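User: I'm new to this structure and would like a close look at one part of it. Could you take me through the inside of the fold and what lies around it?

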Amino acid sequence: MLVQADVLRRLVSEIFLHAGSGQEEAGRIGHYLVDSNLAGHDSHGVIRVPRYVQMLRDGRIHANRTIKIVRDTDVLAVVDGQFGFGQSIAPQAVQLGIDKAKKHGVAIVALRNTGHIGRVGNWGEMAAEAGLVSVHFVNAAGSILVAPFGGTDRRFSTAPFCVGVPRPGDPPLLLDFATSVVAEGKVLVAAKGGKPVPPGSLIDENGNLSTDPIVLYGPAGPDAPPDQRNGKGAIRAMGEHKGSGVALMCEILGGALTGNGTAGPGSRQFSNGMLSIYIAPDLLGTDDFFAAEMKQYVDFVKSANPATPGGEVLVPGEPERRTAATRSAEGIPLTDEVWQSLLETARKVGIGENSLNSLVQ
Ligand code: NAD
């Protein structure tokens, strides 16, 4: 089915308003989750709603939290998210980095202990909108899902990496990916009847490559949501030894250096850690050259002869913008299972049938 973005935003916001978030936070969660669907990253979209509500109820995340600044210099901040919603905490931490870098040319913000910050590209975009280059190393403590190169046991989180680059007069370059072959949410989408994961995304405990979500979640039960603790296999790190190395660095920089904690052994509460570096091209004094050279170079890259007939070379950020344009016009495709899980969650948090009907019209 196709659902219009504004209907989804309204529904998701209302769910979190009923679940305990204030109006602004509920609106932000609706905005960012639906934005991920618009960008084509359904894994980080509204499919997360039941899980977020459950985490809120279990006390693993908390509504309406603000950041606590633990250490603060002109160009450096350590920020504790106090296990608030990532959609509230991350923009506050990013704004802090933007303010510092705009003043001093560069800033580093080490964010720890935050609920799921969703699509990291949102934060690269936010910095790019302010005219800043940004680099983000992210990990997820308490979420061990990915086998390192050469192994079958889970040792990494899906540890995303993101670089955002503003382009005057053009949309930003936005590289944003999980360092696993697929993000966990994409396996979740497949487990819920959505798009299957690409071949070789998963590895079972015997070292066989697989696409079956059972490897990650174990056998599905009628009432039990897919639970990663039940599977015996792992997602594979992307890019063989090189991608596995990038994943390790996301754990070390996003997890250890920030004070968040890595996806190490033992049971840890879920929390994203993010080490962000912000650079202001205008304070470097190369901004005019940078913009002109980048424009010429991106055109040069895109002019490469297509590898397949009718194909095209795209730059990071382009696929998401195209998908967003289509989905904004036509609606967001949702599986029936995801739609039903949203309605079910709405009822669970106390939204009555009449209100629900008027919300989804
Ligand atoms: P992906 O594999 O779709 O890769 C996306 C990146 O590749 C984007 O930069 C995109 O513009 C670029 N890209 C895609 N197709 C391209 C093409 N044909 N040519 C050039 N560039 C192309 O993304 P993913 O690994 O599935 O990650 C999905 C999302 O999950 C990301 O937004 C990531 O931040 C998020 N994530 C978040 C967490 C978390 O803990 N918060 C964990 C893992 C992933």
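**A look inside the fold**

Analyst: Let's begin with a strand. Valine 106 sits in strand β4, which covers residues 106-114. Keep in mind that this is a predicted model. With a relative accessible area of 36%, valine 106 is partly exposed. On the surface, Val106 joins Val75, Leu76 and Ile108 in a nonpolar patch, and together the four have about 250 Å² of accessible area.

Strand β4 also holds asparagine 113. Unlike valine 106, which is partly exposed, asparagine 113 is buried, because its relative accessible area is 15% and the cut-off for buried is under 20%. Its backbone is worth a look too: asparagine 113 isn't a glycine, yet its phi is positive, at about 55°. Phenylalanine 83 is another non-glycine residue with a positive phi of about 55°. You'll find phenylalanine 83 in the loop that runs between β3 (76-80) and α4 (86-104).

Now for the interior. The largest nonpolar core is made of 51 residues, and Leu8, Leu11, Ile15, Phe16, Val46, Val49 and Leu334 are the ones with the most contacts inside it. Several helices feed this core with two or more residues, among them α1 (5-19), α2 (23-38), α3 (49-57) and α6 (184-191). The top contributor is α1, which gives seven residues. The core also draws on both domains, taking at least three residues from each of domain 1 (1-64 + 331-361) and domain 2 (66-180 + 237-329).

To see how one core residue is packed, pick valine 49. Leaving aside residues up to four places away in sequence, valine 49 touches Val12, Ile15, Phe16, Leu33, Leu342 and Thr345. A second core, separate from the big one, has 26 residues, including Ile67, Leu96, Val109 and Tyr278.

Stepping back, the protein chain is split into domain 1 (1-64 + 331-361) and domain 2 (66-180 + 237-329). Their C-alpha centres are 24 Å apart. Where the two domains meet, 30 residues of domain 1 and 23 residues of domain 2 take part in the contact.

Charged pairs are the next thing to look at, and the structure has 17 salt bridges. One of them joins glutamate 184 to arginine 51, with the closest N and O atoms 3.1 Å apart. Glutamate 184 belongs to helix α6 and arginine 51 to helix α3, so this pair ties together parts that are 133 residues apart in sequence. The two ends sit in different surroundings: glutamate 184 counts as buried at 6% relative accessibility, while arginine 51 counts as partly exposed at 26%. Remember that both α3 and α6 also give residues to the largest core.

Arginine 229 makes another salt bridge, with aspartate 227, and here the closest N and O atoms are 2.6 Å apart. Arginine 229 counts as exposed, at 71% relative accessibility. Then there's arginine 236, which pairs with glutamate 240 at a closest N to O distance of 3.6 Å. Glutamate 240 counts as partly exposed, with 40% relative accessibility. Finally, Lys302, Glu312, Glu318 and Arg322 are joined into one network by salt bridges that share partners.

How values were computed: Residues numbered from 1 in each chain as written. Predicted model: local features only at pLDDT ≥ 70, side-chain atom pairs only at ≥ 80, totals over all residues. Heavy atoms only, no water. Patch = residues over 30% accessible without salt bridge, like charges linked within 9 Å, V, L, I, M, F, W, Y side chains within 5 Å. Areas by Shrake-Rupley, 256 points an atom, 1.4 Å probe, with all protein chains shown as cover. Salt bridge = Lys/Arg side-chain N within 4 Å of Asp/Glu carboxyl O. Helix = DSSP H or I, 4+ residues; strand = E, 2+ residues; numbered from the N terminus. Buried < 20%, exposed > 50% of the residue type's maximum accessible area, 1.4 Å probe, protein only. Core = buried A, V, L, I, M, F, W, Y, C linked by side-chain atoms within 4.5 Å. Domains from an automatic or database assignment. Contact = heavy atoms within 4.5 Å.
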